[in-house]
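Q: Got a minute to go through this model with me? I'd like the basics before I use it.

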Amino acid sequence: MTDNEQTVSDLGCFEVGYAPMDEMHREFHELVRALQRSGDEGEKLLALHEHLLRHCAQEERWMRDSRFPACECHQREHELLLEVVAEVRRRFDAGDSEIVARLAEELPQWFEAHANSMDAALGVHLREREAVAAAPAQRAPAEEAAA
Ligand SMILES: [Fe+2]
Ligand SMILES: [Fe+2]
């Protein structure tokens, strides 16, 4: 294991307790770790960009479908992230090979803050909705008396 991998592994606090989101976050974690290893940077950047497009779109679908109140703020952070990754890809394609290492170094810190705030709040909201949906329907007192 290299020093870089050790650093990313130590930053792996991306889980929020909502299994489908945690699965995406683990996938993200692996793609960043891959990006920290040299070689095939263009392909790895593409894989990361594709993952993040899917990742952000899925969270935004969850927010819309569950009427999550802080939707716009969370969505703006996603847009910013996707713009940064698109810009890194443009610069890499234009010959800036150091930009990939900078992204791989800085992205885990950004993502940890995002996951522990925006994503964590959404995870709590989605877990609560699941718990309510799974709970047996409570009968009104009048219904109890008539039963
Ligand atoms: Fe996320
Ligand atoms: Fe998010």
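What follows is a short chat about the fold, the confidence and one helix pair.

A: Sure. This is a predicted model, where local features need pLDDT of at least 70, side-chain atom pairs count only at pLDDT 80 or more, and totals for chains, interfaces and linings use all residues. Residues are numbered from 1 along each chain as its sequence is written, and chains are lettered from A and ligands numbered from 1 in the order in which they are written.

Q: How many helices and strands does the chain have?
A: There are 6 helices and 0 strands. Both are DSSP runs numbered from the N terminus: H or I of at least four residues for helices, E of at least two for strands.

Q: What is the average pLDDT?
A: The chain averages 88, and 84% of the residues score at least 70. pLDDT is the predictor's confidence in each residue, from 0 to 100.

Q: Where is it below 50?
A: Over residues 1-11. Where pLDDT is low, the predicted coordinates should not be read in detail.

Q: New topic. At what angle do α2 and α3 pack?
A: About 160°, with the axes 10 Å apart. α2 covers residues 19-35 and α3 residues 41-65. Axes are lines fitted to C-alpha atoms over the stretch in contact, and angles run from 0 to 180 degrees between N-to-C directions.

Q: So, parallel or antiparallel?
A: Roughly antiparallel, because angles over 145 degrees count that way; under 35 is roughly parallel, 65 to 115 roughly perpendicular and the rest oblique.

Q: Which residues meet there?
A: M24, E27, F28, L31, A34 and L35 in α2 meet K44, A47, L48, H51, H55 and Q58 in α3. Contact means C-beta atoms, placed from the backbone, within 7 Å.

Technical notes
Contact = placed C-beta atoms within 7 Å.
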